[in-house]
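Subject: A structure for you to look at

Hello,

Here is the structure I promised to pass on. Please open it alongside this email, and then read on for what turned up in it.

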Amino acid sequence: MEIHFKGAEVSCSVKYFLFGFNIIFWVSSEHFGVLSNMASITDLGGFDPVWLFIVVGGVMFILGFAGCIGALRENTLLLKFFSVFLGLIFFLELTAGILAFVFKDWIKDQLNFFINNNVKAYRDDIDLQNLIDFTQEYWSCCGAHGPNDWNLNIYFNCTEFNPSRERCGVPFSCCVKDPAEDVLNTQCGYDVRLQGELDQQKYIYTKGCVGQFERWLQDNLIIVAGIFVGIALLQIFGICLAQNLVSDVKAVKANW
């Protein structure tokens with residue numbers, strides 16, 4: 001007569017689901033691209049936000065590595081490391097959300113400062129140029145508060161001693177797009193600020209990006225909140241998966 005003992009087992013579904021979950025961390029860590037010099041366009045006491053992106057990307061890479069190897073090798077130490085640090089990130093995100101609500105006026109001032117300094121450095125850095133062009137096109141805006149903010153740029157300002165052909169103009173990303181045009185007209189903003197405000201509205205966006213961003217945020221508040229809640233739930237789910245796998249591994253070892 002044979003006697004079969006059915007002991008505790010490590011759930012393969014949890015194991016490989018956790019592995020797949022951590023692949024997201026690895027992929028995400030590769031997408032923290034950096035701008036060449038963000039310290040010059042932010043008012044953070046000389047702190048360069050690029051370092052923040054590098055640190056966040058590095059932490060996500062390490063967490064992804066710990067979670068993947070921990071899940072495949074059933075290593076409880078790596079799984080606990082992953083679980084604890086994912087919980088810490090969740091706590092920091094929650095804290096950041098509360099601080100963002102409390103200091104929303106400071107964040108608005110930072111946004112103003114960022115856009116205005118980006119305007120000044122528009123021709124100095126291709127990454128910054130692409131960023132502000134994308135912002136103005138996406139939110140149908142021009143400058144922080146309006147087209148005249150482009151007076152801050154040495155190429156677009158309206159001073160009589162400015163020899164630039166772009167004098168009293170705006171970048172092409174400020175222009176109202178003509179659906180009939182197949183080819184992008186990069187000179188559409190030339191001399192446009194020499195016209196009256198009503199005439200300008202025919203050719204360029206006259207609303208500032210700060211106001212447009214606030215309006216977009218209000219219109220999409222439920223979607224934005226849903227995204228943040230979804231990310232938080234994913235993190236909690238990841239912690240639960242890791243803890244569940246740790247419990248399974250301990251149960252198996254206890255039966256040895």
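Let me begin with residues 84-103: this stretch is 95% helix and 0% strand, and its end C-alpha atoms are 28 Å apart. Please keep in mind throughout that this is a predicted model. The stretch is one of those that UniProt lists, in an unreviewed entry, under "transmembrane region"; the listed residues are 12-29, 49-72, 84-103 and 221-246. For residues 221-246, the model gives 100% helix and 0% strand, with the end C-alpha atoms 38 Å apart.

The overall picture

The protein has 8 helices and 0 strands, so from the N terminus on the elements read α-α-α-α-α-α-α-α. Of its 256 residues, 36% are buried. The exposed area of the protein is about 16000 Å², and carbon and sulfur atoms supply 65% of that. Looking at contacts between residues at least 6 apart in sequence, 68% join residues at least 24 apart.

A nonpolar patch on the surface

Phe 61, Ile 62, Phe 65, Phe 81, Val 84, Phe 85, Leu 88, Phe 91 and Leu 92 make a nonpolar surface patch of about 850 Å². Helices α2 (49-73) and α3 (76-102) are the elements that give two or more residues to this patch. The largest share, 6 residues, comes from α3. Phe 85 is found in helix α3 and has a relative accessible area of 35%, so Phe 85 is partly exposed.

Aromatic pairs

How many aromatic pairs does a search of the whole structure find? The search gives 9. In one of them, Phe 134 and Tyr 138 are stacked, at 5.6 Å centre to centre and with 20° between the planes. Both residues lie in helix α5 (residues 126-138), 4 residues apart, which is about one turn of the helix. Phe 134 counts as exposed because its relative accessibility is 52%, while Tyr 138, at 49%, counts as partly exposed. The pair of Trp 150 and Phe 156 is edge-to-face, because the ring centres are 5.2 Å apart and the planes are at 70°. Trp 150 is buried, with a relative accessible area of 0%, and Phe 156 counts as buried too, at 1%. Ring pairs also link Phe 134 and Tyr 138 with Trp 139, Phe 213 and Trp 216 into a cluster.

Salt bridges

The search of the whole structure finds 4 salt bridges, and three are worth a visit.

- Glu 214 forms a salt bridge with Lys 108, and the closest N and O atoms are 3.4 Å apart. This pair links distant parts of the chain, with Glu 214 in helix α7 (residues 209-219) and Lys 108 in helix α4 (residues 104-120), 106 residues apart. Both count as partly exposed: Glu 214 at 32% relative accessibility and Lys 108 at 36%.
- Arg 123 and Glu 166 meet through their side chains in a salt bridge of 2.2 Å, N to O. Arg 123 sits in the loop between α4 and α5 and Glu 166 in the loop between α5 and α6, so the pair ties together parts 43 residues apart in sequence. Arg 123 is partly exposed, with a relative accessible area of 33%, whereas Glu 166 counts as buried at 13%.
- Arg 165 forms a salt bridge with Asp 191, with the closest N and O atoms 3.2 Å apart. Arg 165 and Asp 191 are both in the loop between α5 and α6, 26 residues apart.

The loop between α5 and α6, and just beyond

Asp 191 has a second feature to show: a positive phi of about 60°, although Asp 191 is not a glycine. Its relative accessible area is 29%, so Asp 191 is partly exposed. Cys 168, another residue other than glycine, has a positive phi near 60°. Cys 168 is found in the loop between α5 and α6 (197-200) and counts as buried, at 2% relative accessibility.

Finally, have a look at Gln 200 in helix α6. Is Gln 200 buried or exposed? Gln 200 counts as buried, because its relative accessibility is 8%. Leaving out residues up to four places away in sequence, Gln 200 touches Pro 147, Val 192, Arg 193, Gln 195 and Thr 206.

Enjoy exploring,
Your colleague

Note on methods:
Residues numbered from 1 in each chain as written. Predicted model: local features only at pLDDT ≥ 70, side-chain atom pairs only at ≥ 80, totals over all residues. Heavy atoms only, no water. Phe/Tyr/Trp six-rings, centres within 6.5 Å; stacked < 30°, edge-to-face > 60°. Buried < 20%, exposed > 50% of the residue type's maximum accessible area, 1.4 Å probe, protein only. UniProt positions renumbered as here; feature names shortened; annotations may be inferred. Patch = residues over 30% accessible without salt bridge, like charges linked within 9 Å, V, L, I, M, F, W, Y side chains within 5 Å. Areas by Shrake-Rupley, 256 points an atom, 1.4 Å probe, with all protein chains shown as cover. Contact = heavy atoms within 4.5 Å.
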